[in-house]
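Please look through the model shown here, first as a whole and then at a few chosen places.

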Amino acid sequence: MSAASPEPVLPDALPGQRAAPDLLSHRPALRVDARAVKESLTFAFAGGAPGGAIDRHVESASLPASTWDPTRFAQHVFLQELIVGCLHFTSDGRTYIPSPALLGRALSRPPSDRDTVELRRDIFRELTGSEALRRDLAGVYAALRRWVGQLETISISRREGSRRRLDILVATKEAIDALADGFAGARSGLARLPAFGAAVRETEAYRRLADLLAYDEELATLDVRIRVGSDGHVRDLRALAIRENDENRFYKSPLGRVVTKLVMLWRGYRFSEDELLIRYVNSVFEGLEDELVALVQLLGDLEFYLAGLALRERARAAGLAVCLPELAWPGGSRDEAPGRELKGLFNPLLLASSASIVPCDIATEHNDATVIVTGPNSGGKTRLLEALSLAQMLGQAGFFVPAAEARLSPCHGLFVSLIEQAQADQSEGRLGMELLRIRSLFEAMQVGDMVVLDELCSGTNPSEGEEIFQLVISLLSELRPQAFITTHFLELAARLERERPVDRLVFLQVELDAQQWPTYQFVGGVARTSLAQRTAARLGVTREELVALVERSKRAHRRRVEPG
């Protein structure tokens, strides 16, 4: 597969800005457009912003470089449906669907950098081993969402605007404190979060924020005496003492406040204390803007891990298990490379439905084998191809894979092509579309890529289809692919199993029970029959039923044309 265009490279930080708490890259970087985010934050703080304005910056964040091209497979593995249906999560009592734009790219563009993949896997390992860390992760995300919600609230009156800005600063402090106070004992990349929070707390900007909010909460302490009558009603209330919070940097004595007003009036300035407060509030927010840019990026990073944990919990609720696979990174000779093995593999797309999910085991002695899968319709072949594709993509992205145990070998790229419905504007017939599919495969492939093809050469007559099938198999073998191909050419598959014309051919068939029903497991060998008659009977396409339908149509016609 040709190398995909790299993600845009953005500066690590603006001048004077501390390193971002990046959870998706081995080398921490600021992956959002800092200047554009600061501009949006400034406008949002001043008067609010339309819903989703901040999320648009999250969605456009850059990601580590990848050699994968999602256009070669994302549509066929239903990536958008996976995110919306299976990776939504709950935080602070609300359900969130992670950004399909950012999470879709993070999953479908696995990092080329091995250290970045391992960073993500280490974070997931630490999260699965600690309920406290999972709780802290959800808590930080909830705090950031409250902060964004305050930013996107539009004020109506001027006084309401002052209160709104203070509420934004309160949410800002809560988010920073949640980072600094959480993740105790974290040793993975999660340790970047409290380190960032603690560093922000050390800044003068944060101290001014804390002082301003403390002043807003406690201008003075009032001691009172209350006299209550026998009927329980208050008879008298007297103030005994007032202690003003004179240690706060924003405090001014009564005399000082009067003098300040007189001086300003003498100089010709006419503004209220509320206006002065707004100026203080604005200056505090502006002092923190560089740090707040990193919080916008962090929203998307947190969704990656919350989505993975949601997949894990959803699988457990269905009696299934996910895992972080063993990754056999390229190295050494071809013969030394370990094979592929997945135990308890399932299709995660089924988690969004009420369907009963039956996991299966798949193993090949060599990872770069060409596996030909045969069996009846509705036996699970296409679902198997989807599950294998998703497992490779998710595992190589540093995510959980839908299997109890797994060993995979990272590849340079993925090509998936399942049978598609005809389109009104397509220029070729079924054979032409199939040949174009094969052409696009070889245009994209590089040595060692993973290839997943459903019903290869099904769009033409058997004799021509078998010839093209053999051509594809023979040429694919020269590229040492990780290939999975389904076919209904059972006689051809049986002959290939006997003759072994190319190296490392593996044959799997749908397992059938004693009554010849699919078990949704896969065993070695080639299927002897596609069970077309049984499938036809199940769908009501027998001779008897079709004859009955024909007779019913004839009787209806006679009733329409006969008089009376």
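The paragraphs that follow go from the overall chain to its salt bridges, two loop residues and a charged patch.

This is a predicted model, in which local features need pLDDT of at least 70 and side-chain atom pairs count only at pLDDT 80 or more, while totals for chains, interfaces and linings use all residues. Residues are numbered from 1 along each chain as its sequence is written, and side-chain values use heavy atoms, with hydrogens and water left out.

The protein chain has 17 helices and 14 strands, these being DSSP runs numbered from the N terminus (helices H or I, at least four residues; strands E, at least two). Of its 564 residues, 47% are buried, where buried means under 20% relative accessible area, exposed over 50%, and partly exposed in between (1.4 Å probe, protein chains only). Among the contacts in the protein chain with a separation of 6 or more, 75% are between residues 24 or more positions apart, a contact meaning heavy atoms within 4.5 Å.

Salt bridges, defined as a side-chain nitrogen of Lys or Arg within 4 Å of a carboxyl oxygen of Asp or Glu, number 22 by this rule. One of them joins Lys38 and Asp290, whose closest N and O atoms are 3.0 Å apart; this pair links distant parts of the chain, since Lys38 is in helix α1 (residues 34–47) and Asp290 in helix α11 (residues 273–317), 252 residues apart. Lys38 is partly exposed, at a relative accessible area of 23%. Another salt bridge is formed by Asp55 and Arg145, with 2.9 Å between the closest N and O atoms. Because Asp55 lies in helix α2 (residues 53–59) and Arg145 in helix α6 (residues 131–151), this pair ties together parts that are 90 residues apart in sequence. Arg145 is buried, with a relative accessible area of 14%.

Two residues other than glycine have a positive phi: Asp92, near 55 degrees, and Phe183, near 60 degrees. Asp92 sits in the loop between β1 (89–91) and β2 (94–96) and is exposed, with a relative accessible area of 56%. Phe183, in the loop between α7 (158–181) and α8 (192–201), is buried, at 2%.

Finally, turn to helix α17 (residues 543–561), which holds Arg558. Arg558 is partly exposed, at 37% relative accessibility, and gathers with Arg552, Arg555, Arg559 and Arg560 in a patch of positive charge on the surface. Such patches are made of residues with over 30% relative accessible area and no salt bridge, like charges being joined within 9 Å and nonpolar side chains (Val, Leu, Ile, Met, Phe, Trp, Tyr) within 5 Å.

Note on methods:
Areas by Shrake-Rupley, 256 points an atom, 1.4 Å probe, with all protein chains shown as cover. Lys, Arg positive; Asp, Glu negative; His and termini not counted. Charge placed at Lys NZ, Arg CZ, Asp CG, Glu CD.
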